[in-house]
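Colleague: Could you take me through this model one feature at a time, with the reasoning behind each answer?

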Amino acid sequence: MIDGPYFWLTVLGVLGTGLVAGVFCAFSTFVMRGLAALPPAQGAAAMKAINVAAVTPPFMAVFLGSAVLCAVIAVVTFVLWPDEGTVELLVGSALYLFGSFGLTMVANVPRNDRLAGLEPGTSEAAAYWPVYIREWTLWNHVRTVASAGAALAYVLALT
């Protein structure tokens with residue numbers, strides 16, 4: 001069984017990755033559907049506002065803090081190579097770092113940036129909006145599964 005400071009790092013990993021999975025799950029299951037049901041100008045304007053609100057300290061502390069924590073767990077795991085939970089710890093870290101944080105940077109953020117550059121009432125924004133909804137949500141499903149998988153892997157490491 002993992003113990004001491006390593007135990008608490010892993011517990012924090014479960015909490016952080018689980019919280020992020022919950023946020024992403026909410027977007028995948030009802031927020032994006034609600035936004036898609038709005039007229040394109042209203043949906044795009046609402047999503048632009050959400051994207052601005054998302055980069056405030058509370059969410060970023062959890063999202064970025066979890067990435068740092070996962071990196072620390074991976075490094076500590078490689079250095080200490082514990083007797084138990086090694087595979088689960090490395091899998092959990094990889095799932096979050098690549099499947100959640102990394103994917104956010106290469107798939108969701110570029111779409112958010114493109115949307116931010118469009119004026120919601122324009123024909124260009126109206127044409128991009130359904131594409132944005134479809135692609136952004138698809139990648140968000142992957143982020144949700146990766147974050148939840150990371151939390152599960154960390155829990156398994158603790159058992």
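The exchange below moves from the overall fold to the cores, the surface and single residues.

Colleague: What does the secondary structure of the protein chain come to, and in what order do the elements run?

Modeller: This is a predicted model, and what follows should be read with that in mind. The secondary structure of the protein chain contains zero strands and five helices. Read from the N terminus, the order of the elements is therefore α-α-α-α-α.

Colleague: What box do the C-alpha atoms fill, and what percentage of the 159 residues counts as buried?

Modeller: Taken along the principal axes, the C-alpha atoms of the protein chain fill a box of roughly 60 × 25 × 20 Å. The chain exposes about 8,000 Å², of which carbon and sulfur atoms supply 76%. With under 20% relative accessible area as the cut-off for buried, the portion of the 159 residues that counts as buried is 40%.

Colleague: Among contacts between residues at least 6 apart in sequence, what percentage joins residues at least 24 apart?

Modeller: The set to consider is the contacts in the protein chain between residues at least 6 apart in sequence. Within that set, the part that joins residues at least 24 apart is 80%.

Colleague: Which residues does the UniProt annotation "transmembrane region" cover, and how much of the span 87-107 is helix?

Modeller: According to the unreviewed UniProt entry, the annotation "transmembrane region" covers residues 6-31, 52-81 and 87-107. In the model, the span 52-81 is 90% helix and 0% strand, and its end C-alpha atoms lie 40 Å apart. For residues 87-107 the end C-alpha atoms lie 27 Å apart, with 0% strand, and the helix content is 100%.

Colleague: Which helix gives the most to the largest nonpolar core?

Modeller: The largest nonpolar core has 16 residues, and those that touch the most other members are Ile2, Val20, Phe63, Ile73, Leu89, Tyr96 and Tyr154. Two or more residues come from each of α1 (4-36), α3 (57-80), α4 (86-116) and α5 (123-158). With five residues, the element that gives the most is α3.

Colleague: How many residues does the second, separate core have?

Modeller: Apart from the largest core there is a second one, and among its members are Met47, Leu118, Ala125 and Trp129. The number of residues in this second core is 14.

Colleague: Is serine 93 buried or exposed, and which tyrosine does it touch?

Modeller: Serine 93 has its place in helix α4, and because its relative accessible area is 2%, under the 20% cut-off, it is buried. Leaving out residues up to four places away in sequence, serine 93 touches Cys70, Ile73 and Ala74 as well as a tyrosine. Seen from that tyrosine, the contacts beyond four places in sequence include Thr10, Val14, Cys70, Ile73, Leu89 and Ser93. The tyrosine asked for is Tyr154.

Colleague: How many salt bridges does a search of the whole structure find, and which residues pair?

Modeller: Side chains of opposite charge can pair when their charged atoms come close. A search of the whole structure finds one salt bridge, which links helix α4 to helix α5 across 24 residues of sequence. Arginine 111 counts as buried because its relative accessibility is 18%, whereas glutamate 135, at 27%, counts as partly exposed. The closest N and O atoms are 3.0 Å apart, and the pair is arginine 111 with glutamate 135.

Colleague: Which residues make the nonpolar surface patch of about 310 Å²?

Modeller: One member is leucine 80, which lies in helix α3. Leucine 80 has a relative accessible area of 57%, over the 50% cut-off, so it is exposed. The patch of about 310 Å² is made by Val75, Val79 and Leu80.

Colleague: Is valine 62 buried or partly exposed, and which residues is it in contact with beyond four places in sequence?

Modeller: Valine 62 has its place in helix α3, and because its relative accessibility is 28%, it counts as partly exposed. Its C-alpha lies 17 Å from that of valine 109, a residue 47 places away in sequence. Beyond its neighbours within four places, the residues in contact with valine 62 are Gly16, Leu19, Val20 and Tyr96.

Key:
Residues are numbered from 1 along each chain as its sequence is written. This is a predicted model: local features need pLDDT of at least 70, side-chain atom pairs count only at pLDDT 80 or more; totals for chains, interfaces and linings use all residues. Side-chain values use heavy atoms; hydrogens and water are left out. A nonpolar core is a set of buried Ala, Val, Leu, Ile, Met, Phe, Trp, Tyr and Cys residues joined through side-chain atoms within 4.5 Å. Buried means under 20% relative accessible area, exposed over 50%, partly exposed in between (1.4 Å probe, protein chains only). Helices (H or I, at least four residues) and strands (E, at least two) are DSSP runs, numbered from the N terminus. Contact means heavy atoms within 4.5 Å. Patches are made of residues with over 30% relative accessible area and no salt bridge: like charges are joined within 9 Å, nonpolar side chains (Val, Leu, Ile, Met, Phe, Trp, Tyr) within 5 Å. Accessible areas come from the Shrake-Rupley method with a 1.4 Å probe; for residues, only the protein chains shown count as cover. A salt bridge is a side-chain nitrogen of Lys or Arg within 4 Å of a carboxyl oxygen of Asp or Glu. UniProt positions are given in the numbering used here, feature names are shortened, and annotations may be inferred rather than shown by experiment.
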